[in-house]
Amino acid sequence: MIRTLIQLAKGGLATPAELFPDLPEYSRGLPMVTDARCSGCGDCAEACPTSAIRIGAAGEVALDRGRCIACDACTGTCSTGTLAADRRTRVAALRREDLVLTNAPKRIADTPPPAPGPLRRSLHIREVSTGDNATDLEIGASTNPIFDGGRFGIHVVASPRHADALAVSGPVARAMREPLLRCYDAMADPRIVIAVGAAAISGVPWEGGYADANGVEAVLPANAFIPGSPPHPWYILHGLLLAMGHPAARG
Ligand code: SF4
Ligand code: SF4
């Protein structure tokens, strides 16, 4: 917090000219899979509290950022450097499977650019929080003067009748299904659904429990996925611009 305040005091509150800069050195970011050879020790998978990592018999690593709460436990246990911190901020994806990083050649950057859509010039968002207040705060931050989603026509609106996009945070437990569906039903076409944060994407760490909190896709198909717990505002802007088909989202 002190470092953040010092940085704000030095830099002021101006909107940065650079889009999607890397996170600062002191920030943890999300883990990534590097080209360093995996020994297959399995320590990372054992340390991961959300079962986001799978290790194959021949050292194949599959890291699911849709289940990652960015606790950093895996990178600290990996002696080979196969898992490392990733401070890049273009981390959202249009397909759920693109959040799974592996040590095979495929990377997030391979995601095909979206076709320009009807929402390219502006996006009005109605957020439904199903229980992830940290992510709610970061969604709000993505439209503040620093990140300034408004320059892309991104605005949070109060009524679903004015919204193009339903941004869902939290794990969508059974009690929140009906309110979520009623909100979606009140929106006019074309409308999209965006899962914001690991809890909304996969329900972690509550999935499979008594409350049926298994993420938004247990209720509605999602058009974009924004990892993180909570996601950084740059992550959120990246996901929103991807969903719009905006060229600024491309790396
Ligand atoms: S940083 Fe993510 S993948 Fe690594 S241990 Fe924590 S939750 Fe699991
Ligand atoms: S990624 Fe690192 S910690 Fe995980 S199994 Fe491979 S060498 Fe072990």
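1. Two strands are taken to pair if DSSP finds at least two bridges between them. By that rule strand β3 (residues 61–64) is paired with β5, since three bridges join the two strands, which run antiparallel. Within this pairing, Leu 63 stands opposite Leu 101 of β5. It should be kept in mind throughout that the model is predicted.

2. The pair belongs to an open sheet of three strands, ordered β2-β3-β5, whose pairing is antiparallel. Because β2 (53–55) and β5 (100–102) stand at the edges with a single partner strand each, one side of each is left without a neighbour in the sheet. From one strand to the next, the twist of this sheet averages 15 degrees.

3. A further open sheet is built from five strands in the order β7-β6-β8-β9-β10, and here the pairing is parallel. The edge positions are held by β7 (154–156) and β10 (224–226), each of which has a single partner strand, so that one side of each lacks a neighbour in the sheet. The twist averages 25 degrees from one strand to the next. As general background, strands of a sheet pair through backbone hydrogen bonds, in either the parallel or the antiparallel sense.

4. Two pairings in the five-strand sheet can be followed residue by residue. Three bridges link β6 and β7 in the parallel sense, and the bridge partner of Ile 125 in β7 is Val 156. Strand β9 (residues 192–196) pairs with β10, also in the parallel sense and over three bridges, with Ala 195 standing opposite Phe 225 in β10. Strand β6 is largely enclosed by the rest of the structure, because five of its seven residues are buried.

5. Two helices lie across this parallel sheet. Helix α4 (residues 133–141) lies across β6 (123–129), β8 (165–169) and β9, and runs at about 140 degrees to β8. Helix α7 (residues 233–244) lies across β6, β7, β8, β9 and β10, and its direction makes an angle of about 170 degrees with that of β10.

6. The loop between α4 and β7 deserves a separate reading. Thr 143 has its place in this loop and counts as buried, because 20 C-beta neighbours lie inside 10 Å. Beyond its neighbours within four places in sequence, Thr 143 is in contact with Gly 149, Gly 150, Ile 154, His 155 and Val 156. Val 156, the β7 residue that bridges to Ile 125, is 13 residues from Thr 143 in sequence and 8.0 Å from it in space, C-alpha to C-alpha. Asp 148 is found in the loop between α4 and β7 as well, and has a positive phi of about 55 degrees although it is not a glycine. With 16 C-beta neighbours inside 10 Å, Asp 148 counts as partly exposed.

7. Some other backbone features may be worth checking by eye. Asp 72, in the loop between β3 and α3 (73–77), has a positive phi of about 75 degrees although it is not a glycine; because 16 C-beta neighbours lie inside 10 Å, Asp 72 counts as partly exposed. The peptide bond from Val 204 to Pro 205 is cis, with omega near 0 degrees, and Pro 205 is placed in the loop between α6 (198–202) and β10. The bond from Ser 229 to Pro 230 is likewise cis, with omega near 0 degrees, and Pro 230 is placed in the loop between β10 and α7.

8. The surroundings of the ligands can be described by residue and by class. Ligand 1 is surrounded by 15 residues, of which Cys 48, Ala 52, Cys 68, Cys 71 and Cys 74 are the closest, and the shell consists of 13 nonpolar, one polar and one charged residues. Around ligand 2 there are 14 residues, with Cys 38, Cys 41, Cys 44, Cys 78 and Thr 82 coming nearest. The shell of ligand 2 divides into seven nonpolar, six polar and one charged.

9. At the level of domains, the assignment gives domain 1 (27–110) and domain 2 (123–249). Their centres, taken over C-alpha atoms, are separated by 23 Å. The contact takes 17 residues from domain 1 and 18 residues from domain 2. On the side of domain 1 that touches domain 2 there are 10 nonpolar, three polar and four charged residues.

Terms used:
Residues numbered from 1 in each chain as written. Chains lettered and ligands numbered in written order. Predicted model: local features only at pLDDT ≥ 70, side-chain atom pairs only at ≥ 80, totals over all residues. Helix = DSSP H or I, 4+ residues; strand = E, 2+ residues; numbered from the N terminus. Axes fitted to C-alpha atoms, helices over the stretch in contact; angles between N-to-C directions. Contact = placed C-beta atoms within 7 Å. Near = placed C-beta within 6 Å. Nonpolar A, V, L, I, M, F, W, Y, C, P; charged D, E, K, R; others polar. Domains from an automatic or database assignment. Buried ≥ 20, exposed ≤ 12 C-beta atoms within 10 Å, placed from the backbone.
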